[in-house]
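I opened this notebook to keep a record of what I looked up in one structure. The entries follow the order in which I turned to each topic.

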Amino acid sequence: MQRGVTPRRRYALVFAGLFLAAVTSVLLLVPRREPALVAIPAQWRGPTDFLLQTPGNDLLRSVPQLAAPIPDYAQKGR
Amino acid sequence: MKKLVLSIWISIAALPMSAQQPGEDPIAQQLFPPDLIMAHQDELGLQEKQRAAIKSEVLKAQPKFLEAQWEVGDESQKMIALLRATPIDEAKVLEQADRVMALERDVKRTHLGLLIRLKNLLTPEQIKRLEQIRRK
C-alpha cells in the first residue's frame, strides 16, 4: 500500500522549491565579476597605505597661484 | 524540517558577507585628518585650547614629514638607478628597498601617532559629528 503525501511534507517541498527558485534568481541577477587569471599585486592596497598621504603633502607639489595677473606699473607710468 | 529552515537562514545570512566592497580603508575610517577638523572647526565647536593643541601637533609633525619625504625621494632615486642596470643586482636592490620601506614605515608611524593624538583631543560629540560630516 502506497502512502499519500502528508500536508506537512507537501509544505516542506513547496518551501524548498521556492527557496531554490529565489537563490537561483539572485545568482542569475547579481552581476558577477570575471575572476582575474592572476592576482595582480598592483591592485592591492595595504591597510596602512593612507598614512603615506601626509597632511600638507599637496602643498609641496604645487606652486601658489595669484588670482589675477600683476599689472605692469612700469609700463603704465610711461 | 527544522534543519532545512536553519540551513536557509544560514545561507541568507551569508549573502551580505560576499557583497562586502573591497578597497575601503577600515583603519582610516577610525581617524580624522587635520584638514577635515580644521575645515569644520566652527561646526564642531572647537575650543580655543583644542585649536591650539591641534595646531601645535600638526606643526610638530610637519617638519618630520618634510624631512622623510626628501629622504624617501633620495633613496628611491638610488633604487631606480639600481633597477636600470642590466642585469639587475637583486641583492643590492632588495637592500635599497629595505631602506626605502624603513623610511616609509617611519612616515606612517609618525602620521598615525599624529592622527591618534588629534582624535584624543576631540570630545565624543565632536567625533560623532565628524563621522556624520565624512559620511555626507
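The entries below go from the chains to the core, the charged pairs, the surface and one peptide bond.

**Entry 1. The model and its chains**

I noted at the outset that this is a predicted model. I then looked up the secondary structure of each chain. Chain A has three helices and zero strands, and its elements run α-α-α from the N terminus on. Chain B has six helices and, again, zero strands. Read from the N terminus, the order in chain B is α-α-α-α-α-α.

I next looked up burial. In chain A, 10% of the 78 residues are buried. In chain B, buried residues make up 27% of the 136 residues. For chain A I also recorded the exposed area, about 7800 Å², of which carbon and sulfur atoms supply 64%.

**Entry 2. The nonpolar core**

Which residues touch the most other members of the largest nonpolar core? I found that they are B:F32, B:I37, B:I54, B:L122 and B:L130, in a core of 17 residues. Helices α2 (34–39), α4, α5 (90–121) and α6 (124–135) of chain B each supply at least two residues of this core. The largest share, five residues, comes from α4(B). As background I wrote down that nonpolar side chains in soluble globular proteins tend to be buried together.

**Entry 3. A salt bridge between the chains**

I searched the whole structure for salt bridges and obtained seven over all chains. One of them I followed across the two chains: A:D49 pairs with B:K108, and the closest N and O atoms are 3.4 Å apart. A:D49 sits in the loop between α1 (7–29) and α2 (57–60) of chain A, whereas B:K108 belongs to helix α5 of chain B.

Are the two partners buried or exposed? A:D49 is partly exposed, at a relative accessible area of 27%. B:K108 is buried, because its relative accessible area of 17% falls under the 20% cut-off. I added the general remark that side chains of opposite charge can pair when their charged atoms come close.

**Entry 4. Salt bridges within chain B**

I then turned to pairs inside chain B. B:E48 forms a salt bridge with B:R51, with 3.9 Å between the closest N and O atoms. The two residues are three apart in helix α4 of chain B, so about one helical turn separates them. B:E48 counts as exposed at 57% relative accessibility, and B:R51 counts as partly exposed at 40%.

A further pair is B:E57 with B:R117, whose side chains meet in a salt bridge at 2.7 Å, N to O. Which parts of the chain does this pair tie together? B:E57 lies in helix α4 and B:R117 in helix α5 of chain B, so the pair links parts that are 60 residues apart in sequence. B:E57 counts as buried at 14% relative accessibility, while B:R117 counts as partly exposed at 36%. I also noted a network: salt bridges that share partners join B:E57, B:K60 and B:R117.

**Entry 5. A negative surface patch**

On the surface I looked up a negative patch and found it formed by B:E67, B:E71, B:D74 and B:D106. Helix α4 (residues 48–84) of chain B gives the largest share of the patch, three residues. For one member, B:E67, I checked the details: it is found in helix α4 of chain B, and it is partly exposed, with a relative accessible area of 48%.

I also looked up B:E104, which is found in helix α5 of chain B. B:E104 is partly exposed, with a relative accessible area of 27%. Its C-alpha atom and that of B:E71 are separated by 9.7 Å, although the two residues are 33 apart along the chain. Why does B:E104 fail the accessibility condition for a patch? Patch residues need over 30% relative accessible area, and B:E104 has 27%, so B:E104 does not meet that condition.

**Entry 6. A cis peptide bond**

Last, I looked at the backbone. Where is a cis peptide bond found? A cis bond joins B:T86 and B:P87, and its omega is about -5 degrees. B:P87 is found in the loop between α4 and α5 of chain B. For context I noted that most peptide bonds are trans.

Note on methods: Residues are numbered from 1 along each chain as its sequence is written. Chains are lettered from A and ligands numbered from 1 in the order in which they are written. This is a predicted model: local features need pLDDT of at least 70, side-chain atom pairs count only at pLDDT 80 or more; totals for chains, interfaces and linings use all residues. Side-chain values use heavy atoms; hydrogens and water are left out. Patches are made of residues with over 30% relative accessible area and no salt bridge: like charges are joined within 9 Å, nonpolar side chains (Val, Leu, Ile, Met, Phe, Trp, Tyr) within 5 Å. Accessible areas come from the Shrake-Rupley method with a 1.4 Å probe; for residues, only the protein chains shown count as cover. A salt bridge is a side-chain nitrogen of Lys or Arg within 4 Å of a carboxyl oxygen of Asp or Glu. Lys and Arg count as positive and Asp and Glu as negative; His and the chain ends are not counted. The place of a charge is taken as NZ of Lys, CZ of Arg, CG of Asp or CD of Glu. Helices (H or I, at least four residues) and strands (E, at least two) are DSSP runs, numbered from the N terminus. Buried means under 20% relative accessible area, exposed over 50%, partly exposed in between (1.4 Å probe, protein chains only). A nonpolar core is a set of buried Ala, Val, Leu, Ile, Met, Phe, Trp, Tyr and Cys residues joined through side-chain atoms within 4.5 Å.
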